[in-house]
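Okay, everyone, thanks for coming. Let me put my protein up on the screen and walk you through what I found.

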Amino acid sequence: MEIDRADIVASVAVYLLVAIILGLCIYARRHWPRVDSRKIVHVGIGNFVFIWWAFRHMWVMLVFFTIPFAILLFLAMFERNLISKSFLGELSREGHVVGLFLYVISINVLVITCFNEHWIAASIAVVAMTYGDGFGSIIGKRFGRHKIMYGKSLEGSAAVCVATVIVSTIVFVFFGFITGLDVEYNYDVQTVIPWFACILLAGIITALIEALCRGDYDNFVNPLVIVGVMRLLGM
């Protein structure tokens, strides 16, 4: 099995991102009691979409990043083990018990099905799961006045759509930018409809899924539906 410098740099960058986000979460819990620190992790870890394209070998990403985190979060769901007694275990039990575990499982699926060919589609799917869901929850809890189902609101659903569209646009522009650099990545997508229409559709679908799907499972359903639609549209 091969591993090159790009894999090492990408792995270090991912772990630095995780460390920064967890550190920010711990700080928020101590100094910003009104802030939902779980959402800091939920949204913040999603920024790895600006890193994962740099991996050259899928097995490196799986073995050194996504699978270990899946194992840790699986153990965190249960009691009486070292992981469940840690900060990670405490964090995973604050919301939907299986939520964070499904979060990382869907990332594993995206890596396996999209590695090195459909990074844009996969990245938009991650954005929908992280930024879309995260800001939908934050705005919905703060400003949600018109309730729909499962305790969700129209205001929260609108925030899901807007956040998904804005950050997905940033992601799309970013992948276009790195194509001009001297890196082994070829940004070449021919979408069935204009790319901005694809992103708008992703925002609308994400908002609908978030509104209709129970909170336990949206971290799995949402990214897989979005990546499927984006790939069908040519991303």
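So, aromatic pairs: there are 15 of them in this structure. Keep in mind that this is a predicted model. Take F48 and W52 as an example. Their ring centres sit 5.0 Å apart and the planes are at 90 degrees, so we call that pair edge-to-face. And where are F48 and W52, buried or exposed? Both are buried.

Another pair is F65 with F69, with 5.5 Å from centre to centre and 75 degrees between the planes, and that one is edge-to-face as well. If you find helix α3 on the screen, F65 and F69 both lie in it, four residues apart, which is about one turn of the helix. F65 is buried, and F69 is too.

Now join those up. F48, W52, F65 and F69 belong to one aromatic cluster, together with Y15, F115 and W119. So if you're clicking along, colour those seven names and you'll see the cluster I'm talking about.

Let me zoom out for a second. What is the fold built from? Nine helices and zero strands. Reading from the N terminus, you just go α-α-α-α-α-α-α-α-α. Of the 235 residues, 49% are buried. And about the contacts: if you take those between residues at least 6 apart in sequence, 74% of them join residues that are at least 24 apart.

Okay, the outside. The accessible surface comes to about 11800 Å², and carbon and sulfur atoms account for 68% of that. There's a nonpolar patch on it, about 650 Å², made by I3, I8, V12, L16, I20, V63 and F64. Two elements give two or more residues to that patch, namely α1, running 5-31, and α3, running 58-76. Which one gives the most? That's α1, with four residues.

From the α3 side, look at V63, which is placed in that helix. Its relative accessible area is 44%, so V63 counts as partly exposed. That's a helix we've met already, since F65 and F69 lie in α3 too, but those two are buried.

Next stop, the tail end of the chain. G234 is in the segment after α9, and α9 itself covers 218-232. Why do I call G234 partly exposed? Because its relative accessible area is 27%, and partly exposed covers the range between under 20% for buried and over 50% for exposed. What does G234 touch, leaving out residues up to four places away in sequence? V189, Q190 and T191. And here's one for anyone who likes sequence against space: G234 and A121 are 113 residues apart in sequence, yet their C-alpha atoms are 8.7 Å apart.

Last thing, cysteines, because somebody always asks me about reducing agent. How many disulfides turn up in a search of the whole structure? Zero. As for where a couple of the cysteines sit, C198 has 0% relative accessibility, so it counts as buried. C161 comes out at 17%, and since buried means under 20%, C161 is buried too.

That's my tour. Happy to go back to any of the views.

Notes. Residues are numbered from 1 along each chain as its sequence is written. This is a predicted model: local features need pLDDT of at least 70, side-chain atom pairs count only at pLDDT 80 or more; totals for chains, interfaces and linings use all residues. Side-chain values use heavy atoms; hydrogens and water are left out. Buried means under 20% relative accessible area, exposed over 50%, partly exposed in between (1.4 Å probe, protein chains only). Contact means heavy atoms within 4.5 Å. Accessible areas come from the Shrake-Rupley method with a 1.4 Å probe; for residues, only the protein chains shown count as cover. Patches are made of residues with over 30% relative accessible area and no salt bridge: like charges are joined within 9 Å, nonpolar side chains (Val, Leu, Ile, Met, Phe, Trp, Tyr) within 5 Å. A salt bridge is a side-chain nitrogen of Lys or Arg within 4 Å of a carboxyl oxygen of Asp or Glu. Rings of Phe, Tyr and Trp (its six-membered ring) pair if their centres lie within 6.5 Å; planes under 30 degrees apart count as stacked, over 60 as edge-to-face and the rest as tilted. A disulfide is a pair of cysteine sulfur atoms within 2.5 Å.
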